[in-house]
Amino acid sequence: MFFLVHPEDIFPAFNVAGPGRSGQGGRSLHKYRLADKQGRYHHYAGSFDLVFSQDGKIKQVIGVAKDNTELFRAQKEKMDAVQRAAESEKLVLVGKIAGRMAHDLNNICNYSANAEN
């Protein structure tokens, strides 16, 4: 199954055995990505319980996972929208400053022209 796991998520997935071997129990919680048939990655969150044989080897892995792809996509869209809004606010502020500078420069030019006459 590890060929389906995103390369960045493989190392944490292998660490699932750590707590069980240290005597803290075999449950671990992970967030990871798995590829579908088209090679697109889906985001999952899951818990895994390890069952060990008497000689300390992993006998069985029992897992429950939830596909969080839509939630992840919605969060990304929200962050993109917030970023676009912030960029728009910056551009509005730059436009206002440029307008004020142009107005002030125009007033100076008009004052100088009127002073010469």
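**A walk from the sheet to a pocket**

Start with β1 (28–35) and β2 (41–52): eight bridges join these two antiparallel strands. Strands here are DSSP runs of E with at least two residues, helices are H or I runs of at least four, and both are numbered from the N terminus; two strands pair if DSSP finds at least two bridges between them. You're looking at a predicted model, where local features need pLDDT of at least 70 and side-chain atom pairs count only at pLDDT 80 or more, while totals for chains, interfaces and linings use all residues. Residues are numbered from 1 along each chain as its sequence is written, and side-chain values use heavy atoms, leaving out hydrogens and water.

Now click on His30, and you'll find Gly46 of β2 standing opposite.

Next, add β3 (58–67) to your selection. The open sheet of three strands runs in the order β1-β2-β3, with antiparallel pairing. β1 and β3 are the edge strands with a single partner each, so one side of each has no neighbour in the sheet.

Stay on β2 and pick Leu50. Leu50 has a relative accessible area of 9%, so it counts as buried (under 20%; exposed is over 50%, partly exposed in between, with a 1.4 Å probe and protein chains only). Show Val61 too: its C-alpha atom is 4.7 Å from that of Leu50, though the two are 11 residues apart along the chain.

Last stop: select Asp9, Lys31, Tyr32, Arg33, His43, Tyr44, Asn68, Leu71, Phe72 and Gln75 for the lining of the second largest pocket (an open set of points on a 1 Å grid over the protein atoms alone, where a 1.4 Å probe fits, with protein on both sides within 12 Å along at least five of seven lines; lining residues have an atom within 4 Å of a point). β1, β2 and α3 (69–116) each supply at least two of the lining residues.
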